[in-house]
Amino acid sequence: MTGNVLLAARMKAEGLKQHELADALNQRIASFTGRLGTLQDRHVRNWLTGKTKWPHARQRRALEEEFGCTAVELGFRRRQPRQAAHRQASVEESVKRRQFATSAGAISAVAALPGTASASTPRIGMTDVYRFESAFNQIVAADNARGGGVRLETRALSFAKLVTDVQANSTASQRVRQRLYYLAAAFTGSALWAAIEDQEPERANQHLDRATRLAGLSGNPDIQLRIWGHASMLATQTGNFSESLAACEAAKASPLCRRDPLYRSLTAARLASSQARTGERTQARRSLAVAAQAFEQADQQTSRAPWVAFYDRSELEGLSGLAMSDLGRHDQAEAHFHRALAHLRPGYERNRKYYTSHLALSQIRQGDVELAYTTASSVLPAHDEAPLTGRQRKLLTKFSHALATHAKDTDMAASWAERYADERNRYR
């Protein structure tokens, strides 16, 4: 597909149709030129299909002001004459390669560099790979702290595109190339996860196909295991529980799970929920026992991939609580969620809201309506905080329905409906 996925995602997140974006951009052009712009929906359509890869300067400025990011981060790519690229290749490549060590914006800009002839093709090495890995670690940290969403998704896709562009326009050793495939898969996997959290399965499926192919090309089992985990969550989100179970089983078969108890614990904890949802209750309990035992056997000091750093005792308790919820054991689920929150490390705000929401659901399902109301209320963000992710909103919508059932026509139900409506309106 050659369409501009990044721009499409931004437009969908803002609820903009093609003609609405054209009108908004025309107004922005008027604000800095004094004359209304002449963009129409066909211009936006050409951007989305990829027919126009690099808009005119005024249009780019309007786009950047509208979405608060660079044209490159919106999926546009500059084309330069090959002869000009030859003349500037040695100087520009040296400068750009130094720049992308210092900022995400500079890294994204490298994606706009054109291909060069073989005589001037730059060579990349592990030093360059380490810089990309640093950018990936920043995306993982941002996800752990705040959760996914369209901004994180487009940022991750920009880096994935950059890695593949650099690989296509450079020479490198086999070791470096495999690591670049790993990083392209890792960035795409982060975009996949961000789309899952944003409740956008159609976009997530697009990312899954590409991430799976790149992970296979990397030959690295840890990134393949990560993608299987995301595939399972996506299948669950779309109600395909048998496919979710199959993805969990594929992750369990990874050689990493045989060698490292921590990966074995993670995959077993996820497998338990899939087994519970498909009616394999006994197997689900066995998987939870495996997850707990393997976690105790794992050496926490072992160096592992950065994406798995989220998996600690708090996450084990949280995943165990999810499995117990799927088994209908809401009292045990509540105990696990309490322990998950007690062990939660500072900075994991996304997980705090996620497991607190599940705690509220387990409480109201046991009839503890007032306690559940208090718990759920603590999840709602203040007006100066970021809005909830799509996955969070889905959980609180479930809570709203449960509260309406258990506390119909009460002041508490009316208060919650008003407060939650305010949060939904912020997202819109």
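**Exercise 1.** Is Leu395 buried or exposed?

*Solution.* The model is predicted.
- Start with the location: Leu395 sits in helix α20.
- Take the relative accessible area of Leu395, which is 7%.
- Buried means under 20%. Leu395 is therefore buried.
- Now list the partners. Beyond four places in sequence, Leu395 contacts Tyr354, Ser357, His358 and Leu361.
- Check a backbone distance too. The C-alpha atoms of Leu395 and Tyr355 are 10.0 Å apart, and 40 residues separate the two along the chain.

**Exercise 2.** Find the helix that holds Thr267, then classify the burial of Thr267 and name its contacts.

*Solution.*
- Thr267 belongs to helix α14.
- Its relative accessible area is 5%. The cut-off for buried is under 20%, so Thr267 counts as buried.
- Setting aside residues up to four places away in sequence, Thr267 touches Leu225, Ala251, Lys252 and Cys257.

**Exercise 3.** Describe how helix α15 packs against helix α16.

*Solution.*
- Two packed helices are described by an angle and a distance between their axes.
- Helix α15 covers residues 281-297 and helix α16 covers residues 313-326. Their angle is about 175°, and their axes lie 11 Å apart.
- Angles over 145 degrees count as roughly antiparallel. So α15 is roughly antiparallel to α16.
- Next, the residues. α15 contributes Arg285, Leu288, Ala291, Ala292, Phe295 and Glu296. α16 contributes Arg313, Leu316, Ser320, Ala323 and Met324.
- Sort them by class: 7 nonpolar, 1 polar and 3 charged residues make this contact.

**Exercise 4.** What is the volume of the largest pocket, and which residues lie nearest its centre?

*Solution.*
- The volume of the largest pocket is about 1000 Å³.
- Its lining has 41 residues. Nearest the centre lie Trp193, Met233, Leu322, Tyr354 and Arg391.
- Assign the lining to helices. Those supplying at least two residues each include α7 (126-146), α9 (174-197), α11 (221-237) and α12 (241-252). Also among them are α14 (261-277), α16, α18 (349-365) and α20 (390-406).
- Split the lining by class: 16 nonpolar, 14 polar and 11 charged.
- Link back to Exercise 1. Tyr354 is one of the residues nearest the pocket centre, and Tyr354 is also a contact of Leu395.

**Exercise 5.** Summarise the whole chain: secondary structure, burial and contact range.

*Solution.*
- Count the elements: the protein chain has 21 helices and 0 strands.
- Turn to burial. The chain has 428 residues, and 51% of them count as buried.
- Finish with contacts at a separation of 6 or more. Residues 24 or more positions apart account for 70% of these.

Definitions and conventions. Residues numbered from 1 in each chain as written. Predicted model: local features only at pLDDT ≥ 70, side-chain atom pairs only at ≥ 80, totals over all residues. Heavy atoms only, no water. Axes fitted to C-alpha atoms, helices over the stretch in contact; angles between N-to-C directions. Helix = DSSP H or I, 4+ residues; strand = E, 2+ residues; numbered from the N terminus. Parallel < 35°, antiparallel > 145°, perpendicular 65-115°, else oblique. Contact = heavy atoms within 4.5 Å. Nonpolar A, V, L, I, M, F, W, Y, C, P; charged D, E, K, R; others polar. 1 Å grid on protein atoms, 1.4 Å probe; cavity = no way out; pocket = protein on both sides within 12 Å on 5 of 7 lines; lining within 4 Å. Points joined across faces, edges and corners; volume = space filled by probe spheres on them. Buried < 20%, exposed > 50% of the residue type's maximum accessible area, 1.4 Å probe, protein only.
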